[in-house]
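This report walks through the fold of one protein chain, beginning with a strand pairing and ending with some backbone details. Please keep the sequence and the structure in view while reading.

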Amino acid sequence: MHALVTRGKPGLELIELPEPETPAGHVKVRVLRAGICGTDLHIDAWDAWAESAVTPGVTVGHEFCGEIVEVGEGVTDFSVGQIMSGEGHVVCGHCRNCRAGRRHLCIRTSNLGVQRDGCFAELVVLPASNVWVHPGATRETVTPAQLDVFGIYDPFGNAVHTALKFPVIGEDVLVTGAGPIGLMAAMVARHAGARHIVVTDIAEPRLELARSLGFRALDPQQASVDGVSPIAAVQRELGMQEGFDVALEMSGSPTALVGTIENLNFGGRIAMLGLPSRPIEVDFGKVVSHMLTIQGIYGREMFETWYAMAAMAQTGLDVAPVITDRFAFADWQSAFDRARSGASGKVILDFTGTEAHLDTQGA
């Protein structure tokens, strides 16, 4: 099979690997769609984080959906032909948090595409406990558009986990970062009943995408007018008498967190998914005096978040508009370039017909 691997240096390599075995308690999946994540871009660049966290030689990728083609010994809940999405965090099952049902807090978590072989390959093997089946979906019944969305259930889950960490019904919500997960989080907050939602970013293409989805979107770095910052100005426009109630920090920008704290109401709550690239100097005096809450978010609650995702999809939440680009797996380099440009939403790799495409390239 063809797989995209890291050699522990800048750049990825498309190579041929033997078809993986299917151990007991695992399933083998033919990948149909995969999303490119910021994590994959870090691995491609082989930056300091990648060097410290990633196993060289591993097949990259963790956002995907596919068709189950083989089940290992002891697997009785799933069958060949089912369409599934994969939970990319593989937990130990034995630590205190796992035994208490808090698997998302497992102290020995390993990650698809980081420490173990991931989904940028024709086939991927994962524990059956990490499988989320889409009821009734098969290759014959599922549409290409459905596969696109199923392929990003992993980042959709990040958005749901973040947006629903604190109650948002009737609340004013600030979303910092208009990347795909930030936009999905804003959509979740709206679906869940938030009052006003404001999205910030410094990339105009992403702000335009946010506006096309019906959100008030702005660049917080724009010049203040009469001493009033852009975020404070929009609060006035919306008739907000006090600061934002809930903030979803999705960008990892140090200045975004600082600005968020400046614009929260007393008792405001911050759910923080964006991973900072460097330490952030925070005014903890204000955090204390304003009684703010800062909650870190990592991944998804397994599998409570997945049930929430499915329920919102069934009740009309459609995150397909955040998908702006689709590439054949054979064109993975162009897909990575597009994702890195900052001018796109979610970029999807289509594995349909992969073998024929790659054979043609090699001819």
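In this predicted model, strand E1 (residues 2-6) pairs with strand E2 (residues 12-16) in the antiparallel sense, over five bridges. Within that pairing Ala3 has Ile15 of E2 as its bridge partner, and in the hairpin that the two strands form, with five residues between them, Gly8 takes a positive phi near 80°. Strand E1 is largely enclosed by the rest of the structure, because five of its five residues are buried. The burial applies to both faces of E1, with His2, Leu4 and Thr6 on one side and Ala3 and Val5 on the other.

**An annotated segment**

An unreviewed UniProt entry lists residues 24-133 as "domain: Alcohol dehydrogenase-like N-terminal". Over this range the chain is 16% helix and 32% strand, and the C-alpha atoms at its ends are 19 Å apart.

**The parallel sheet and its helices**

Six strands make up an open sheet with parallel pairing, in the order E12-E11-E10-E13-E14-E15. Strand E12 (216-218) and strand E15 (293-296) stand at the edges with a single partner strand each, so that one side of each has no neighbour in the sheet. Neighbouring strands in this sheet are turned against each other by 20° on average, direction ignored. One of the pairings joins strand E13 (residues 244-249) to strand E14 (residues 264-272) in the parallel sense over five bridges, and there Val246 stands opposite Arg269 in E14.

Two helices can be described relative to these strands. Helix H7 (residues 204-212) lies across strand E11 (197-200) and E12, and runs at about 170° to E12. Helix H9 (residues 254-262) lies across strand E10 (173-176), E13 and E14, and runs at about 150° to E14.

**The nonpolar cores**

The largest nonpolar core has 54 residues, of which Phe156, Ile197, Val199 and Leu248 touch the most other members. Elements that give two or more residues to this core include helix H4 (144-150), H5, E10, E11, H7, E13 and helix H11 (304-314), together with helix H6 (180-191). The largest share, eight residues, comes from H6. Leaving aside residues up to four places away in sequence, Ile197 touches Val173, Val175, Ala186, Ala189, Arg190, Phe215 and Arg216. A second, separate core of 37 residues includes Val31, Ile43, Val58 and Val133.

How many residues of helix H5 (residues 153-163) are buried? The count is 11 of the 11, so helix H5 is largely enclosed by the rest of the structure. Among the buried residues of H5 are Tyr153, Asp154, Asn158 and His161, as well as Phe156 and Val160.

**Backbone details in loops**

Most residues other than glycine have a negative phi, and most peptide bonds are trans. The table gives two residues that have a positive phi although neither is a glycine.

| Residue | Phi | Loop | Relative accessible area |
|---|---|---|---|
| Trp46 | about 50° | between helix H1 (38-45) and helix H2 (48-53) | 12%, buried |
| Met291 | about 55° | between helix H10 (284-289) and E15 | 57%, exposed |

Trp46 counts as buried because its relative accessible area is 12%, whereas Met291 counts as exposed because its relative accessible area is 57%. A further backbone detail is the peptide bond from Met302 to Phe303, which is cis, with omega near 0°. Phe303 is found in the loop between E15 and H11.

Terms used. Residues are numbered from 1 along each chain as its sequence is written. This is a predicted model: local features need pLDDT of at least 70, side-chain atom pairs count only at pLDDT 80 or more; totals for chains, interfaces and linings use all residues. Side-chain values use heavy atoms; hydrogens and water are left out. Buried means under 20% relative accessible area, exposed over 50%, partly exposed in between (1.4 Å probe, protein chains only). Helices (H or I, at least four residues) and strands (E, at least two) are DSSP runs, numbered from the N terminus. UniProt positions are given in the numbering used here, feature names are shortened, and annotations may be inferred rather than shown by experiment. Two strands pair if DSSP finds at least two bridges between them. Axes are lines fitted to C-alpha atoms, for helices over the stretch in contact, and angles run from 0 to 180 degrees between N-to-C directions. Contact means heavy atoms within 4.5 Å. A nonpolar core is a set of buried Ala, Val, Leu, Ile, Met, Phe, Trp, Tyr and Cys residues joined through side-chain atoms within 4.5 Å.
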